[in-house]
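Trainee: I would like to understand one part of this model closely rather than skim over everything. Could you pick a single residue, describe its surroundings with care, and then lead me on from there?

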Amino acid sequence: MQATATSPAGAGGTLRVNGRDVALLPDDDRTLLEWLPEAVGPVSARSACDGAHCGSCAVVLDGTPVKSCTVPVASLDGAEMRTLDAYQQEAGALAPLMEALAGPSVFQCGYCRSAFFFAAKALLEETPEPGRDDIQAAFAGLLCRCTGYQAIVSAVEGAARAMAQAAHAPHGAKPVPRVSAHAPRTVAAACAAAQARPGAYWLAGGQHLVPLLQHSAQAEPSLLEIAGIAELGRIEVVGDRLFVGAGCTHGQIAASEPVRSALPDLAGLAGKVGDIYVRARGTLGGAMVSAWRNGSYPSFLMATDADVLAAGRRTFALDWFAERAENRDRPPAELILGVEIPTHWQVSHQAFRPRPARPALVSVTGARDVAGDLRIAVAGYGARPFLVRDADTLLAAARGSLPDVELAAMLDVLPLDDGEASGAYRLAILRQLLQRLPFHGA
Amino acid sequence: MSAAAPRSAALPDALPWLADAYEGRCFTADVNPPGAVHVAFVRSPYAHAEIVAIEAPAPADVLGFWTARDLPSHAPIPCIVPIVNRDGTDRADPPHVLMAASRCRHEGEIVAMVAARTQRAANRAAAAVRVTYRVLPAVTDGAAAVEAGAPELWDEAPGNVCFDWELGDAAARDAVLRGAAHVVRRRLRNNRLVIAPLETRSAIAAPVDGTDGFVLVTATQGANWSRDIIARDVLGWDPGRLEVVTPLVGGSFGCKIFVYPEQVLVLMASAALNAAVKWVSTRKEAFLTDVQGRDNHTDATLALDADGRILAITTDTIANLGAHLSNYGPFSSTNCGTPLLCGIYDVGLVHARVRGVFTNTTPMDSYRGAGRPEAHYVLERMIDEAAHELGLDPLALRLRNALDETQLPAVTATGIRLDSGMFRANIRRAQEEADYAGFAHRRAASAAKGLMRGIGMANFLETNGGFALAKIMERHNGSLPLETARIAFTGQGRVHLDIGTQGSGQDHRGAYADMLAARLGMSPEAIEVFQGRSDRLRQGTGTGGSKSMLSGSTAIIETAEAVIARARAWLASRTQRPEAEVVWEDGAFRLDGTPVPLMEAVRMAEFEAADGHPFDAQVTSTIRSGTFGNGCHVCEVEVDPATGMVRVDRYTAVSDFGTIIRMADVVSQQEGGITQGIGQALTEYCRYNADGTLATGDLAAYHLPQVSDIPQMKLVFQGTPCRTNTLGLKGCGEAGISASPPAVMNALHHALRGEVDGMIQMPATPQVVWAALHAEGRR
């Protein structure tokens, strides 16, 4: 690590990098990944995929594992981050993990090392004695091209045993993401900022910033940071409805007690969104905007007849996703505050995810109330998510021997037929998922 | 056998920013020359288009702007592999230009280069350059490219055919096929693969002050070779004007061997601007311009006698070469792969016809295995298909035809001289280690869960050493493969070893240090190994074809012997006795029975030469014999018929790599190779849009294997030391990927036997498998 001399706080504030304060420039529009080598010299967070998939650029930011390509450096005044280099100098309690990962041919070229180190670190903080399956799950979606992964899994397994034996300091409270001093703290302030900067992107957490910032032909689009708005991070039960703030991360939703007791399948689906880094930083609102077609949330919110709350209006999820589909090429103008989901349902969410940590091909949510009324919503099957018109009939048909053509005809929606999957395949998968819903037909 | 001091020993002094790269401590993108200029490329968004007009940016916005017309005089990037067609003519040789002047032949081809102060500014300026194109129809599939009426790429290659080559005797083939009891025919597809090392390509060029020379920092698989192609062949320079430095390389698998336009263009920009110039590829650029691998259509025929003995294998292949000829472009599908069509078996006759064809796609070249995995895929799949057609057990059919140890040494129908191997023993060991006996039980357990289980086997034979390449280049230089090492004693008990091979993640340096330490009777910790430095060695062939342990060890051992000879002569002279009385034994000299370690002699002679140490030596060795790693893989898959998902549940590999130097490294190479092969078989799918642009152009759409795709493997090593090299070693780096695609696909076909019509081609994605299971009239 070659860090430049410590600078006094500049107009952009300071970021603590591997124990040294580094001055930030005002209005810096670089990602943390782009900024790091330019500001402090080469670090082991490395650029590889440009799409926030692989994890090679991982760092830990205020205690949270993040892909540095998803973080605008301007938002980091006052934050503290470490790259793998810091742990190579001084690993502390993580020494057994460092040592295990440095074993002979655990990696080959080592370019991806940060992805696996920080994922393992996050896993061990949550689950000090993980099984092999837990480690595999923590590594889902991360990419190494040299090895067969299993040596890395074995190394973490061995390190976990060694660390569990050492008196392991209990893990403190979940760190709260830090935001820049100038970021809006209220919805009103955020909306005012948006009016002043038309065309700006709301920036909550885990966006893919590289194409937007580094490779764009345009002068950089402006980003409106909204992680500082407390209301967006709220989860609470109000009567028979559950409010989940748009700024909640998938990880928070998955771990939230109110969510787990009121709508366990929502916690379950949130726990399967993306990879371990995406769950630590990506938010509900971000997923609703970017994965409106085939993400897991749309079918859930539509089937449960949720409301989407935006600054100044309340919309049925059904209508909100239809609008989103119409405006697919534009960043959303309005600020989503959260969703309000009726909790009187018995809900089942089923998704077929051919590639772990990547979006599901098709997902289905069924919701039944005490009266026995059933709603089913589907995402990933057609060009947009939809609510099934006659859920009971469709469910019975999917379970029966009705030929695929006739099942398809009941849907009113044409299946997408693209390079990713044929319409016939999407239909077959949909049928599978419908069959897995634990509801008996009417 | 001189040990002249490095030619440009002053390079890091002249360019201090080079220090980390020079010592191999960082990746290329980590190198940041102060004040460097950054370049970005304007690339064709179309697969096939004429350039009508290019509007240069305003001079105020850029530091430099170049189209093909603005480049200094140079030659195209050469394809160094000659091919003689069946009719005796030479293959077509259309130019691999640095930039398209009037016509773009694949998406991503360079149209212009811009230079700016920052990478951001260069990217933005490049994106703003207005180019007017006239879009042409495009063809991306090799088989479609040879159909009448297909869009044509090059006037030099009518019908898009670059070459029409054959191996073997067509008349003899016809006679064998006529007389055979069984003839099994299949069409097999070897899918196109994006090599996708995680470190993208990059290049940094800088003038060396006070000279007319340049340094190029860039990932290679051999700095000397790349230097010669770039400086001598493309730029027409005295190669001494350019030094290539290769720091750490973040994976290559073949694709960073080859010289690319960007490496030459940054040099040209550096010369024009008299400044350091840097370029780092984006992932999108990598998908569009790094060479890709495989992409064959093969009509294969296996002829057997009534007893199931293989009489002949014949193939008719269309090999997609992409839009341009890369350095070795035609090599994989012809001379490198086809001689292995007989694998480990006693096959009487091999005949192969290969047509190399141009398409509007990224140029193709050697990806890990370079034709050998393609040959094994054909052979090993055909054996399973033949077994099925003849009602035989595939394992028994393999045993019946495998060469027996008593037949070795043997010369195959394709002229390969096999020195050693225990092919039948490998098969039997694999049968035992993979627990064939328990398969029926496991299949029943799967069936109880509604899943289908299959088991498949594939053997492989490697030919490593660089001989195929050296042989086909005979017309040029008549040489056997060479490699160079240099040993220098630098004081304080330290040794510098320079070697011309180049690691890209595999730990060659550690293995070399161990090897040399054993030879010189010293500790490996005292040895520092340098690679990737054209300035430090007079020659270097580089890494490729799983030969580095062979070629590197040959050069290191011969150089160590030269060192010992010098030391012995010096000791004899110093102690005034005949050299015969200075005995080298067990890692030390013996003088009248008193041991004198080499490093003690080194200390004694330390200040005797004005320049360097008197024992320093540099030797260029000739590699006289290749190696034949071999083995047998067994794969077991479970298929969910409802979704078509295929899961590799068990994987066993029995391998003969002769003497193993570092077990952990060999295991990792095996696992990595097998994993890439599982990716080819199941997940890696290169799709094109109708207009010829790449539909799977990022890592969200092109699926590399993930952790959950790969089982814990059972790797067994049982070997016979190679008889033709000192250490008895055999190449292993590419072996895994030679056997895993057919092992997976044989297991899949076994699982689906009776449930699908016809064959499933790679990649067997869930949809492909589901569609086969649910074809019209089934289920």
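Mentor: Let us begin with B:Asp592, which is exposed, with a relative accessible area of 63%; here buried means under 20% relative accessible area, exposed over 50%, and partly exposed in between, using a 1.4 Å probe and protein chains only. Before going on, keep in mind that this is a predicted model, in which local features need pLDDT of at least 70, side-chain atom pairs count only at pLDDT 80 or more, totals for chains, interfaces and linings use all residues, and side-chain values use heavy atoms, with hydrogens and water left out. Residues are numbered from 1 along each chain as its sequence is written, while chains are lettered from A and ligands numbered from 1 in the order in which they are written.

The backbone of B:Asp592 deserves attention, since phi is near 50°, a positive value in a residue other than glycine. B:Asp592 sits in the loop between strand S23 (588–591) and strand S24 (594–597) of chain B, where helices (H or I, at least four residues) and strands (E, at least two) are DSSP runs, numbered from the N terminus.

B:Asn274 can be read in a similar way: this residue is not a glycine, and yet phi is positive, at about 50°. The loop that holds B:Asn274 runs between helix H7 (261–273) and strand S12 (277–280) of chain B, and B:Asn274 is exposed, with a relative accessible area of 60%.

Other loops of chain B carry cis peptide bonds. One joins B:Leu408 and B:Pro409, with omega about -5°, and B:Pro409 belongs to the loop between helix H11 (394–401) and strand S16 (410–411) of chain B. Another leads from B:Met762 to B:Pro763, with omega near -5°, and B:Pro763 is placed in the loop between helix H20 (735–752) and helix H21 (766–773) of chain B.

Chain A offers a further positive phi, this time in a hairpin: A:Asn18 has a value near 50° in the hairpin of S1(A) and S2(A), which has two residues between the strands. Strand S1 (residues 14–17) and strand S2 (residues 20–23) of chain A run antiparallel and are joined by four bridges; two strands pair if DSSP finds at least two bridges between them. In this pairing A:Val17 stands opposite A:Arg20 of S2(A). S1(A) is also joined by two bridges to strand S5 (residues 80–82) of chain A, with these two strands running parallel, and there A:Val17 stands opposite A:Met81.
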